[in-house]
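I sat down with one model today and kept notes as I went. These are the things I looked up, in the order I took them.

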Amino acid sequence: MNIEDIKRSENKVYSRPELLNDSPMHYCPGCSHGVVHKLVAEVIKEMGQEENSIGVAPVGCAVFAYKYIDIDWIEAAHGRAPAVATGAKRLNPDRLVFTYQGDGDLAAIGTAETIHAANRGENIAIIFINNAIYGMTGGQMAPTTLEGQKTATTPYGRRIDLNGYPLKISDLLARLEGTCYVTRQTVHNPASVRKAKAAIRRAFENSLNGRGTSVVEVVSTCSSGWKMTPEKANEWMVENMVPFYPLGDLKNTAE
């Protein structure tokens, strides 16, 4: 190593997480998925669990997580990730097993799998990306879409009388006996990123220590689906989503 390399290494304050593959991400500019991927990769590496982790990703934008984070992955059918993770964890109880799911997956077609896995207290962690829309398939209304929010299938805004209320699925999961940790975070600024990382680590530790089901909801943006710039999407999320989906721990019995 020459003197210039030494200087560069001394001045380095950040480097790419080792477990992130060197391939361009397909996510849209401003998408929260990339940030959460980085956090998952960092936490697994810092915990020394890179050879002991199993991730389960179903259909939706979340499905491509296996392309970016260099651990063992299982692809699940749409909504079935908690059921697949249940099998993986029961067969490999010493493994760190987690799912990575969007709101259209976890809170719609996968509602039953999610609720029953959590109610059984399966020792898995669930990473839940809530951007209030179906991002991959064209921007349709999701269970988490806010009242009045415009989507491809609610062009005049979500109506309660027609479409029902937005589903606060994490609040439901927090009431189940089998969940030990349910939290709601964001990743729209540095302080939020640090809190989300700590939450992901706690959820992973719970999985390893057999404490029950952990859920980390990340209130997120979908610039393309919302038809906003990344900056405006962050502003809209803070002004509209965060008041409806308040941040912080909803349940923590694992300490």
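My entries start with the whole chain and then go to single residues.

**Entry 1: the whole chain**

First a reminder to myself: this is a predicted model. I looked up the secondary structure and found ten helices and seven strands in the protein chain. The radius of gyration came next: 18 Å, close to the 18 Å that the globule rule gives for 255 residues, so the chain is as compact as a globular protein of that length. I also noted the span of the C-alpha trace along its principal axes, about 70 × 40 × 30 Å.

How much of the chain is buried? I got 51% of the 255 residues. For contacts between residues at least 6 apart in sequence, I found that 68% join residues at least 24 apart.

**Entry 2: surface and charge**

The protein chain exposes about 11900 Å², and I noted that carbon and sulfur atoms supply 52% of that area. I then looked up the charges: there are 27 positive and 28 negative ones, and their mean positions sit 3 Å apart.

**Entry 3: aromatic rings**

How many aromatic pairs does the structure hold? My list has six. One of them joins phenylalanine 244 and tyrosine 245, with 4.9 Å centre to centre and 85 degrees between the planes. I put that pair down as edge-to-face, because its angle is over 60 degrees.

Are the two partners buried or exposed? Phenylalanine 244 comes out as partly exposed at 27% relative accessibility, while tyrosine 245 is buried at 1%. I also wrote down a cluster in which ring pairs link Trp73, Phe98 and Phe204.

**Entry 4: leucine 146**

I stayed with those rings a little longer and checked leucine 146, in the loop between β4 and α6. Its relative accessibility is 7%, so I count leucine 146 as buried, the cut-off being under 20%. What does leucine 146 touch beyond its neighbours within four places in sequence? I found Arg158, Pro166, Trp236, Asn240, Met241, Phe244 and Tyr245. Both members of the edge-to-face pair, phenylalanine 244 and tyrosine 245, are thus on the contact list of leucine 146. I also looked up aspartate 103, which is 43 residues from leucine 146 in sequence and 12 Å away, C-alpha to C-alpha.

**Entry 5: positive phi**

Before this check I reminded myself that most residues other than glycine have a negative phi. Alanine 132 has a positive phi, near 65 degrees. I placed alanine 132 in the loop between β4 (125-130) and α6 (160-163), and it is buried at 0% relative accessibility.

Lysine 227 turned up as well, with a positive phi of about 60 degrees. I found lysine 227 in the loop between α9 (223-226) and α10 (230-244). Is lysine 227 buried or exposed? Its relative accessible area is 70%, so I put lysine 227 down as exposed, the cut-off being over 50%.

**Entry 6: serine 170**

I located serine 170 in helix α7 (residues 169-174). At 0% relative accessibility, serine 170 is buried. Leaving out residues up to four places away in sequence, I listed Phe128, Val182, Arg184, Val215, Glu217 and Leu250 as what serine 170 touches.

**Entry 7: glycine 178**

Next I checked glycine 178, in the loop between α7 and β5 (179-186). Glycine 178 is buried, at 11% relative accessible area. Which residues does glycine 178 touch, not counting those up to four places away in sequence? My list reads Ala118, Asn119, Gly121, Gly212 and Thr213. I looked up the distance to glycine 212 too: the two glycines are 34 residues apart in sequence, and 5.8 Å separates them, C-alpha to C-alpha.

**Entry 8: asparagine 21**

Last on my list was asparagine 21, which I found in the loop between α1 (3-11) and α2 (32-46). Its relative accessibility is 24%, so asparagine 21 counts as partly exposed. Outside the residues up to four places away in sequence, asparagine 21 touches Arg16, Tyr66, Lys67, Tyr68, Ile69 and Asp70. For isoleucine 69 I noted a separation from asparagine 21 of 48 residues in sequence and 6.0 Å in space, C-alpha to C-alpha.

Key
Residues numbered from 1 in each chain as written. Predicted model: local features only at pLDDT ≥ 70, side-chain atom pairs only at ≥ 80, totals over all residues. Heavy atoms only, no water. Helix = DSSP H or I, 4+ residues; strand = E, 2+ residues; numbered from the N terminus. Rg over C-alpha atoms; globule rule 2.2 N^0.38 Å. Buried < 20%, exposed > 50% of the residue type's maximum accessible area, 1.4 Å probe, protein only. Contact = heavy atoms within 4.5 Å. Areas by Shrake-Rupley, 256 points an atom, 1.4 Å probe, with all protein chains shown as cover. Lys, Arg positive; Asp, Glu negative; His and termini not counted. Charge placed at Lys NZ, Arg CZ, Asp CG, Glu CD. Phe/Tyr/Trp six-rings, centres within 6.5 Å; stacked < 30°, edge-to-face > 60°.
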